[in-house]
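The following exercises are intended for a reader who is new to this structure. Each sets a task and then works through it step by step.

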Amino acid sequence: MNGTIVMVILAVTVLSARALDYESDILPIMKEHCFQCHSEKENKVKGNLALDDLEDMRDYQRAKFSLIRPGNPKESHFLGVLKMGEGDDDFMPRKGVAVPSKEIALIEKWIVEGAPFKKSGAEKKEGKGELGKTAMSQQTLDWKNLEGKIIKARFVRLAGDSVMLLLANGKSYRYPLAKLSEESRAQAKKLAVDKAGI
Ligand code: HEC
């Protein structure tokens with residue numbers, strides 16, 4: 001084989017082997033089409049989903065029974081809502097124009113590849129992350145809101161003016177601190193301090 005052919009083959013292999021990751025490949029698409037309603041930074045978190053909350057996306061929205069199911073695009077609701085007809089109630093972007101099919105294909109490929117978050121090597125092993133371990137060791141606690149309603153969930157962390165809770169069904173839930181009873185607010189703050197101290 002002469003050198004040129006080897007070079008060409010190498011170049012093609014490198015191109016097609018470049019793994020996709022959320023932060024470099026998917027986030028820019030989200031920013032363009034979704035942040036208007038799903039951004040922590042822009043303070044618009046519809047459906048409890050902040051696509052720019054990387055910790056939440058990595059640890060809770062991407063899991064076997066979550067919105068993004070690594071390796072399983074068919075069961076990933078996240079992809080499903082993008083592929084729906086624009087008239088469908090659950091279609092995303094809501095009341096908007098469909099994400100271009102080329103970008104949807106990229107998101108699908110990313111899920112097939114296991115929905116990695118960062119470029120290979122930079123990512124913590126799933127379930128072994130510090131956050132995952134801490135959350136797993138937490139007990140399910142009662143959280144009371146101002147109306148006296150009780151939510152049973154594990155504490156994940158504080159996120160701005162909200163507390164991130166993990167429900168028994170594996171969904172993470174963002175609850176505004178201002179809507180919690182004083183007791184539950186204190187509980188969240190104490191847990192956040194305890195966690196930071198580990
Ligand atoms: C104009 C506002 C708006 C835009 C833009 C938007 N969404 Fe949504 N999204 C919503 C609302 C409102 C909900 C909550 C729907 C409900 O609870 O019925 C939601 C819910 C969702 C859910 C479901 C969460 C769940 O737990 O079932 C997903 C997934 C989602 N959006 C993804 C996206 C993606 C991806 C984009 C960008 C392509 C996007 N959305 C753009 C308003 C929007």
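**Exercise 1.** Determine which residues A115 touches, leaving out those up to four places away in sequence, and decide whether A115 is buried or exposed.

*Solution.* The model is a predicted one. First, locate the residue: A115 belongs to the loop between α5 and α6, the latter spanning 130-137. Next, list its contacts beyond four places in sequence, which are R62, I68, P70 and W110. Then count the surroundings: a residue is buried if 20 or more other C-beta atoms lie within 10 Å of its own. A115 has 26 C-beta neighbours inside 10 Å and therefore counts as buried. Finally, consider a partner that is remote in sequence: Y22 is 93 residues away along the chain, yet the C-alpha atoms of Y22 and A115 are separated by 7.1 Å.

**Exercise 2.** Describe the largest nonpolar core and state which elements give two or more residues to it.

*Solution.* Begin with the size: the largest nonpolar core has 17 residues. Within this core, L51, I107, W110 and I111 have the most contacts. Two or more residues come from each of α2 (22-33), α4 (77-83) and α5 (101-112). The largest share, three residues, is supplied by α5. A second core, separate from this one, has nine residues, including A153, V156, L165 and A188.

Now examine I111, one of the residues with the most contacts in the largest core. Leaving aside neighbours within four places in sequence, I111 is in contact with I68, P70, P73, S76 and L79. I68 and P70 also appear among the residues that A115 touches.

**Exercise 3.** Characterise the residues that surround the ligand.

*Solution.* Start with the number: 19 residues surround the ligand. The closest of these are C34, C37, K46, G47 and M92. Then sort the shell by class, which gives 10 nonpolar, six polar and three charged residues. Lastly, ask which element contributes the largest share; this is α4, with four residues. The helix α4 also gives two or more residues to the largest nonpolar core.

**Exercise 4.** Establish the order of the strands in the open sheet and identify which strands stand at its edges.

*Solution.* First, the order: four strands form the open sheet as β3-β4-β5-β6, with antiparallel pairing. The edges are taken by β3 (141-144) and β6 (172-176); each has a single partner strand, so one side of each is left without a neighbour in the sheet. On average, neighbouring strands are turned by 60 degrees against each other, direction ignored.

Next, follow the pairs in order.

1. β3 and β4 (residues 150-159) are joined over four bridges; here W143 has I151 in β4 as its bridge partner.
2. β4 and β5 are joined by five bridges, and L158 stands opposite V163 in β5.
3. β5 and β6 are also joined by five bridges, with R174 in β6 as the bridge partner of M164.

Then turn to the hairpins. Between β4 and β5 there are two residues, and G160 in this hairpin takes a positive phi near 60 degrees. The hairpin of β5 and β6 has five residues between the strands, and there G170 takes a positive phi near 90 degrees.

**Exercise 5.** Explain why strand β5 counts as largely enclosed by the rest of the structure.

*Solution.* Take the residues of the strand, 162-166, and ask how many are buried. Four of the five are buried, so β5 is largely enclosed by the rest of the structure.

Methods. Residues numbered from 1 in each chain as written. Predicted model: local features only at pLDDT ≥ 70, side-chain atom pairs only at ≥ 80, totals over all residues. Core = buried A, V, L, I, M, F, W, Y, C linked by C-beta atoms within 7 Å. Buried ≥ 20, exposed ≤ 12 C-beta atoms within 10 Å, placed from the backbone. Contact = placed C-beta atoms within 7 Å. Near = placed C-beta within 6 Å. Nonpolar A, V, L, I, M, F, W, Y, C, P; charged D, E, K, R; others polar. Pairing = 2+ DSSP bridges. Axes fitted to C-alpha atoms, helices over the stretch in contact; angles between N-to-C directions.
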